[in-house]
Amino acid sequence: MPSDKTTATAIRLDGVDLSLGNGAARVHILKGISLAISQGEAVGLVGPSGSGKSSLLMVLAGLERADAGRVEVAGQQLTGLDEDSLARFRGRHVGIVFQAFHLIPTMTAVENVAVPLELAGRADAFARAAAELTAVGLGHRLDHYPSQLSGGEQQRVAVARALAPEPRILVADEPTGNLDEATGKQIMDLLFEAQARRGATLVIVTHDATLAARCDRTVRLRSGAVETADALAGAGEESRV
Ligand SMILES: Nc1ncnc2c1ncn2[C@@H]1O[C@H](COP(=O)(O)OP(=O)(O)OP(=O)(O)O)[C@@H](O)[C@H]1O
Ligand SMILES: [Mg+2]
């Protein structure tokens with residue numbers, strides 16, 4: 001099969017190292033990670049507990065800074081960006097969904113989605129937030145607070161918040177981990193639909209084999225290093241790993 005040389009690389013990591021914690025608690029978490037993910041690809045990040053999946057997701061979302069190596073996401077070199085530039089980068093290019101929803105409890109559903117848009121300078125923040133919430137089936141819950149919503153509804157708010165800025169990169173850390181199977185599937189349908197319809201790149205950390213199987217390929221971590229990256233897209237510089 002001819003490889004598609006025109007496919008853009010959305011995420012490229014080269015020799016990435018990450019240590020976190022101070023003093024005796026300092027842990028060398030990621031060890032020489034090199035990885036390339038194409039624009040529009042869905043990748044499942046799998047591996048044992050403690051292997052560094054969440055840490056890797058934080059690095060490629062611009063939430064943690066690598067100690068060594070190069071990180072390029074959505075055409076932007078993250079290495080060397082200061083905190084403000086990283087925050088701007090995330091606001092523009094990365095949508096993030098966590099297992100525990102991470103909604104702001106004192107804000108309604110529509111405020112949770114609209115406020116980040118307002119901070120990014122969008123004049124139509126509330127209209128856009130209402131439209132995104134309606135698209136995930138929550139048009140009738142705009143003014144509810146997180147505590148007044150079910151877990152699945154809260155995660156749908158989080159998905160709407162992640163999608164609202166139309167990011168090119170979507171990352172999700174065990175997004176169905178706190179949900180029952182049917183509700184979890186609804187959330188994943190929303191994420192895969194966004195990936196397909198908007199051409200976004202989707203990286204999902206999961207322990208769920210069914211969910212990993214829905215991705216174009218999986219990348220398996222073990223002890224902070226890439227163990228296997230099956231079905232690599234395109235001709236792989238990844239083979240250097
Ligand atoms: N802030 C931190 N300070 C020190 N060590 C940390 C920190 N965050 C994570 N670690 C350690 O790094 C390792 C990888 O953690 P990480 O959360 O990335 O694993 P994971 O693969 O997501 O695991 P799980 O499947 O349990 O969520 C673990 O050994 C963890 O204890
Ligand atoms: Mg984790």
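1. Threonine 228. In this predicted model, threonine 228 counts as partly exposed, because its relative accessibility is 40%. Threonine 228 belongs to strand β10, residues 225-229. Beyond its neighbours within four places in sequence, threonine 228 is in contact with Thr218, Val219 and Arg220. Valine 27 sits 201 residues away from threonine 228 along the chain, and the two C-alpha atoms are separated by 23 Å.

2. The Glu41 salt bridge. Which residue does glutamate 41 pair with? The partner is arginine 217, and the closest N and O atoms are 2.6 Å apart. Glutamate 41 lies in the loop between β2 (27-38) and β3 (42-46), while arginine 217 is in strand β9 (residues 217-222), so the pair ties together parts that are 176 residues apart in sequence. Glutamate 41 is buried, at a relative accessible area of 6%. Arginine 217 is buried as well, with 1% relative accessibility. Both values fall under the 20% cut-off for buried, so neither residue of this bridge is classed as exposed.

3. A bridge inside a helix. The structure holds 12 salt bridges. One of them joins the side chains of arginine 128 and glutamate 132, at 2.7 Å from N to O. Both residues lie in helix α4 (residues 125-135). They are 4 residues apart, about one turn of the helix. Arginine 128 and glutamate 132 are both buried.

4. A bridge between helices. Aspartate 189 forms a salt bridge with arginine 214, with 2.9 Å between the closest N and O atoms. This pair links distant parts of the chain: aspartate 189 is in helix α6 (residues 181-198) and arginine 214 in helix α7 (residues 209-214), 25 residues apart. Are the two residues buried or partly exposed? Aspartate 189 is partly exposed, with a relative accessible area of 27%. Arginine 214 is partly exposed too, at 37%.

5. A network. Salt bridges that share partners join Arg128, Glu132, Glu166 and Arg198 into one network. Arg128 and Glu132 of this network are the α4 pair from point 3.

6. The largest pocket. How much space lies in the largest pocket? The volume is about 770 Å³. The lining has 25 residues, and Arg90, Gly91, Val94, Pro116 and Pro165 lie nearest the centre of the pocket. By type, the lining divides into 15 nonpolar, 4 polar and 6 charged residues.

7. Where the lining comes from. Four elements each supply at least two residues of the lining of the largest pocket: α2 (83-93), β6 (94-98), α3 (109-119) and α5 (151-163). Which of them gives the most? That is α3, with 6 residues.

8. The two sides of α2. Ser85, Leu86, Phe89, Arg90 and His93 are buried in α2. They cover an arc of only 140 degrees around the axis, so they lie on the same side of α2. Glu83, Asp84 and Arg92 are exposed, on the other side of α2. The buried residues of α2 are covered by elements including β4 (68-73), β5 (76-77), β6 and β7 (169-173). Arg90 also appears in point 6, among the residues nearest the centre of the largest pocket.

Terms used
Residues are numbered from 1 along each chain as its sequence is written. Chains are lettered from A and ligands numbered from 1 in the order in which they are written. This is a predicted model: local features need pLDDT of at least 70, side-chain atom pairs count only at pLDDT 80 or more; totals for chains, interfaces and linings use all residues. Side-chain values use heavy atoms; hydrogens and water are left out. A salt bridge is a side-chain nitrogen of Lys or Arg within 4 Å of a carboxyl oxygen of Asp or Glu. Buried means under 20% relative accessible area, exposed over 50%, partly exposed in between (1.4 Å probe, protein chains only). On a 1 Å grid over the protein atoms alone, a cavity is a set of points where a 1.4 Å probe fits but cannot get out, and a pocket is an open set with protein on both sides within 12 Å along at least five of seven lines; lining residues have an atom within 4 Å of a point. Grid points are joined across faces, edges and corners, and a volume is the space filled by probe spheres set on the points. Ala, Val, Leu, Ile, Met, Phe, Trp, Tyr, Cys and Pro count as nonpolar, Asp, Glu, Lys and Arg as charged, and the others, Gly among them, as polar. The arc is that of the directions from the helix axis to the C-beta atoms. Contact means heavy atoms within 4.5 Å.
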